[in-house]
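Let us walk through this model together, starting from its interior and working outward. Keep the 3D view open as you read.

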Amino acid sequence: MFGGAEEAGLINLLDRIGRETAIRDAAPWLGEQDLFINFVPTAQLVFEVVETHQVADVAHLLDIVAHYRSQGSRIALDDVGAGFGSLNLVAQVAPDVVKIDLQLVQMLPSEVSLAVVRALMEITHGFGGRILAEGVETAEQAAIATDLGVDLGQGWFFGFPERAQDQTVASGAAR
């Protein structure tokens with residue numbers, strides 16, 4: 001869907017619809033929990049930087065990050081370890097949360113994956129950021145991530161997405 005929207009010049013519109021839908025649908029149940037919102041880096045609202053699009057203008061992205069941080073927002077980098085220039089973005093953005101790509105998490109306990117996760121943790125904790133393991137699907141992955149000192153986990157091991165009983169499914173796509 002996002003590829004087609006990009007080809008049609010509608011990526012920012014689809015991105016905005018995805019953000020608005022996520023915020024609207026989370027409002028009834030969110031409470032004091034954090035809500036991570038993906039966004040295309042060329043959009044004008046920053047919560048979570050997705051890795052599926054290469055950042056052509058890093059200076060512009062850093063300006064956006066600085067603006068939203070000045071407003072009290074926190075920044076997350078999604079899918080670190082996959083996509084475009086993950087380590088460069090980690091170094092330049094110094095995000096509040098580094099979300100480790102689910103493929104790295106699902107390869108645990110391989111020695112290579114362990115080494116990469118440890119390195120990302122050392123880098124991220126070194127500048128005061130937090131690490132989130134994406135795609136945790138097994139008790140073994142959760143235990144290893146916990147033992148390594150990962151700060152947060154996300155994935156089907158912790159629960160499947162659910163809608164509140166009184167909500168209706170909105171037409172269209174949500175992110």
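A nonpolar core, as the term is used here, is a set of buried Ala, Val, Leu, Ile, Met, Phe, Trp, Tyr and Cys residues joined through side-chain atoms within 4.5 Å. The model you are looking at is a predicted one, and its largest core of this kind has 28 residues. Among those members, Leu61, Ile100, Val117, Ile131 and Val150 touch the most others. Many elements contribute: helices H3, H4, H5, H6 and H7 and strands E3, E4 and E5 each supply at least two residues of this core. Such a picture fits a broad tendency: in soluble globular proteins, nonpolar side chains tend to be buried together.

Valine 150 is a good place to put your cursor. Leaving aside neighbours within four places in sequence, valine 150 is in contact with Val117, Met121, Ile131, Leu132, Ala133 and Ala145.

Now step back to the whole chain. There are 7 helices and 6 strands, and read along the sequence they follow the pattern α-α-β-β-α-β-α-β-α-α-β-α-β. Of the 175 residues, 38% count as buried. The chain exposes about 9900 Å², with carbon and sulfur atoms supplying 55% of that area. Among contacts with a separation of 6 or more, 51% are made by residues 24 or more positions apart.

With that overview in hand, turn to the strands. How many of the 5 residues of strand E3 are buried? For residues 76-80, the count is 5 of 5, so E3 is largely enclosed by the rest of the structure. E3 pairs with strand E4 (residues 97-100) in the parallel sense, over 3 bridges. Alanine 76 stands opposite valine 97 of E4, while valine 80 has isoleucine 100 as its bridge partner. E4 also pairs in the parallel sense with E5, here over 4 bridges, and in that pairing isoleucine 100 stands opposite alanine 133. Isoleucine 100 thus appears in both pairings, facing valine 80 in E3 and alanine 133 in E5.

The side chains of E4 deserve a closer look. In a regular strand the side chains alternate between the two faces of the sheet. Here, Val97 and Lys99 point one way from E4, Val98 and Ile100 point the other way, and all are buried.

A lysine in that list invites a question: which residue forms a salt bridge with lysine 99? The partner is glutamate 134, and the closest N and O atoms are 3.5 Å apart. This pair links distant parts of the chain, since lysine 99 belongs to strand E4 and glutamate 134 to the loop between E5 and H7, 35 residues apart. Both lysine 99 and glutamate 134 are buried. Shared partners extend the arrangement, with salt bridges joining Asp78, Lys99 and Glu134 into one network.

The chain has 7 salt bridges by this rule, and helix H2 (residues 11-30) provides further examples. Arginine 19 and aspartate 15 both lie in H2, 4 residues apart, or about one turn of the helix. Their side chains meet in a salt bridge at 2.4 Å, N to O, and both residues are buried. Arginine 16 and glutamate 20 meet in another salt bridge, at 3.9 Å, N to O. They too are 4 residues apart in H2 and separated by about one helical turn. An α-helix has 3.6 residues a turn, so residues three or four places apart point the same way. As for exposure, arginine 16 is partly exposed, with a relative accessible area of 36%, and glutamate 20 is partly exposed at 43%.

Finally, rotate the view to helix H4 (residues 86-93). Which residues of H4 are buried? They are Ser86, Leu89, Val90 and Val93. These four cover an arc of only 105 degrees around the axis, which puts them on the same side of H4. The buried residues pack against helix H3 (58-70), E3, E4 and helix H6 (111-126). On the face turned away from this buried side, H4 carries the exposed residues Leu87, Asn88 and Ala91. After the helix comes alanine 94, whose phi is positive, near 45 degrees.

Methods. Residues are numbered from 1 along each chain as its sequence is written. This is a predicted model: local features need pLDDT of at least 70, side-chain atom pairs count only at pLDDT 80 or more; totals for chains, interfaces and linings use all residues. Side-chain values use heavy atoms; hydrogens and water are left out. Buried means under 20% relative accessible area, exposed over 50%, partly exposed in between (1.4 Å probe, protein chains only). Contact means heavy atoms within 4.5 Å. Accessible areas come from the Shrake-Rupley method with a 1.4 Å probe; for residues, only the protein chains shown count as cover. Two strands pair if DSSP finds at least two bridges between them. The arc is that of the directions from the helix axis to the C-beta atoms. A salt bridge is a side-chain nitrogen of Lys or Arg within 4 Å of a carboxyl oxygen of Asp or Glu.
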